[in-house]
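Please find below my remarks on the structure, set out as numbered points.

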Amino acid sequence: MSPPEPSGERRSEFDVPFNRPWVGDDEEEAVVAALRSGVLRGDGPVGRRVEERLAEALGVERVLLTTSCTHALEMAMLVLGVGPGDEVILPSFTFVSAANAVVLRGARPVFAEIREDTLNLDPGDVERRITERTKAVVPVHYGGVACRMDALQAVTAPRGVPVVEDAAQALGATYGDRPLGSLGAVGCFSFHDTKNVVSGEGGAFVTGDPELARAAEVVREKGTNRGAFLRGEVDRYTWIAPGSSYVVSDVLAALLEAQLDRREEIARRRRAVWEAYRDALSELEEEGAVRLPTVPDHARPNHHIFHFRVGSPELRSEVLDALRADGIEATFHYVPLHTSPFGRELAGGEPEPLPVTTRAAGTLVRLPLHPGLAGRAEEVAGRVRDVVARAVAPREGRS
Ligand SMILES: *Cc1c(COP(=O)(O)O)cnc(C)c1O
């Protein structure tokens with residue numbers, strides 16, 4: 001019954017480290033059992049079990065475990081036939097994976113603006129950017145808070161453009177009653193060390209479409225029909241399409257299975273930390289000193305990220321420095337893709353400005369959030385409030 005503690009001696013220079021995976025004896029036992037079973041490869045009995053369990057939880061036709069969310073996004077671009085001359089619309093305010101998946105197919109990422117409140121893709125801006133060349137739209141559910149999927153689908157569906165949900169951060173969160181990652185043509189999840197449910201590295205490709213499921217199975221198995229062969233549908237297996245090796249080992253699937261058993265415990269603990277931050281900072285929000293995350297009525301979040309925004313990039317630097325000096329490992333999020341060195345190269349000149357994205361990315365502070373903080377939530381949130389209050393206090397009030 002010992003609480004899970006990170007094994008090994010990973011120690012942070014920070015009193016409150018940004019992230020710590022919540023793994024314990026159960027994960028250790030699951031991994032050892034997988035090793036002893038003799039099946040170390042992927043698409044083995046444990047992986048299949050986890051896939052079925054996730055498919056049921058998400059209410060989808062098929063889940064394919066992958067080596068990462070990045071790879072699941074690459075699979076999505078392959079099965080949707082994205083190629084040279086095509087465009088894929090995605091936010092600039094996101095991680096690089098979806099943009100890479102597009103670029104690797106020889107297609108062009110088109111960066112769209114986010115909404116000021118949720119920092120999620122703005123359907124109105126997607127509509128302005130959609131063309132005959134648009135092959136897919138990739139919304140991100142930032143921090144596990146659902147995008148306005150109805151508004152987005154009102155733009156994409158009439159044009160027959162598939163939506164690929166980058167649900168890397170979104171396991172356990174919903175849009176209305178529907179699990180995120182189950183709403184688009186494809187959903188992509190991450191089980192990276194920093195996400196809510198982890199296998200170190202890992203991901204999942206999710207689809208409700210049987211044809212895409214079959215195509216994805218081929219892509220994941222090096223472009224072969226090995227899956228059909230194993231089901232006895234063909235009498236030998238061979239190369240039938242372009243593909244790669246995106247199958248995750250059963251050893252990591254075992255780790256993931258143990259983590260799924262901990263889902264509720266993880267969710268409860270993350271929520272406690274998230275709410276402690278919100279409560280501690282709400283007065284500063286009322287004073288207009290900070291802006292806290294917006295969770296719309298349509299979204300039931302999974303408390304993946306707690307962030308707040310301050311008035312200016314200069315102030316953000318001061319707040320980050322002050323928090324870090326206090327031992328709290330706060331960070332920024334993200335460096336917008338459209339103004340990154342490679343984003344500029346793709347634009348072939350000065351990129352079109354995305355003011356909401358630039359302002360959000362320049363003023364956002366992300367606080368440490370992991371299950372192990374739950375026992376210290378009040379104390380840490382109180383410290384954050386004091387440090388932030390001092391840092392944002394008017395200049396003339398300081399000596
Ligand atoms: C973490 C993350 C990814 C990448 O996930 P990996 O499993 O590390 O490849 C992609 N997109 C978003 C929005 C993420 O947060």
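1. Strand β2 (residues 87–91) runs parallel to β3, and 5 bridges join the two strands. Within this pairing, Leu 90 of β2 stands opposite Phe 111 in β3. The model is a predicted one, and the points that follow should be read accordingly.

2. These strands belong to an open sheet of 3 strands, ordered β3-β2-β4, with parallel pairing. At the edges are β3 (108–112) and β4 (134–137), each of which pairs on one side only. Neighbouring strands in the sheet are turned against each other by 30° on average, direction ignored.

3. Helix α4 (residues 97–104) lies across β2 and β3. Relative to β3, helix α4 runs at about 150°.

4. A helix pair also deserves attention: α2 (residues 45–58) packs with α9 (residues 250–261) at an angle of about 40°, their axes being 8 Å apart. The crossing of these two helices is left-handed. On the α2 side the contact includes Val 46, Val 50 and Leu 54, and on the α9 side it includes Ala 253, Leu 256 and Leu 260. Charged residues take part as well, among them Arg 49 and Arg 53 of α2 and Asp 250 and Glu 257 of α9. In total, the contact residues comprise 8 nonpolar, 1 polar and 5 charged.

5. Is His 370 buried or exposed? His 370 counts as buried because its relative accessibility is 4%, below the 20% cut-off. This residue is located in the loop between β12 (364–366) and α14 (377–392). Leaving aside residues up to four places away in sequence, His 370 touches Pro 17, Phe 18, Asn 19, Arg 20, Arg 270 and Val 273.

How values were computed: Residues are numbered from 1 along each chain as its sequence is written. This is a predicted model: local features need pLDDT of at least 70, side-chain atom pairs count only at pLDDT 80 or more; totals for chains, interfaces and linings use all residues. Side-chain values use heavy atoms; hydrogens and water are left out. Helices (H or I, at least four residues) and strands (E, at least two) are DSSP runs, numbered from the N terminus. Buried means under 20% relative accessible area, exposed over 50%, partly exposed in between (1.4 Å probe, protein chains only). Contact means heavy atoms within 4.5 Å. Axes are lines fitted to C-alpha atoms, for helices over the stretch in contact, and angles run from 0 to 180 degrees between N-to-C directions. A crossing is left-handed if the near helix is turned anticlockwise from the far one by less than a right angle, and right-handed if clockwise. Two strands pair if DSSP finds at least two bridges between them.
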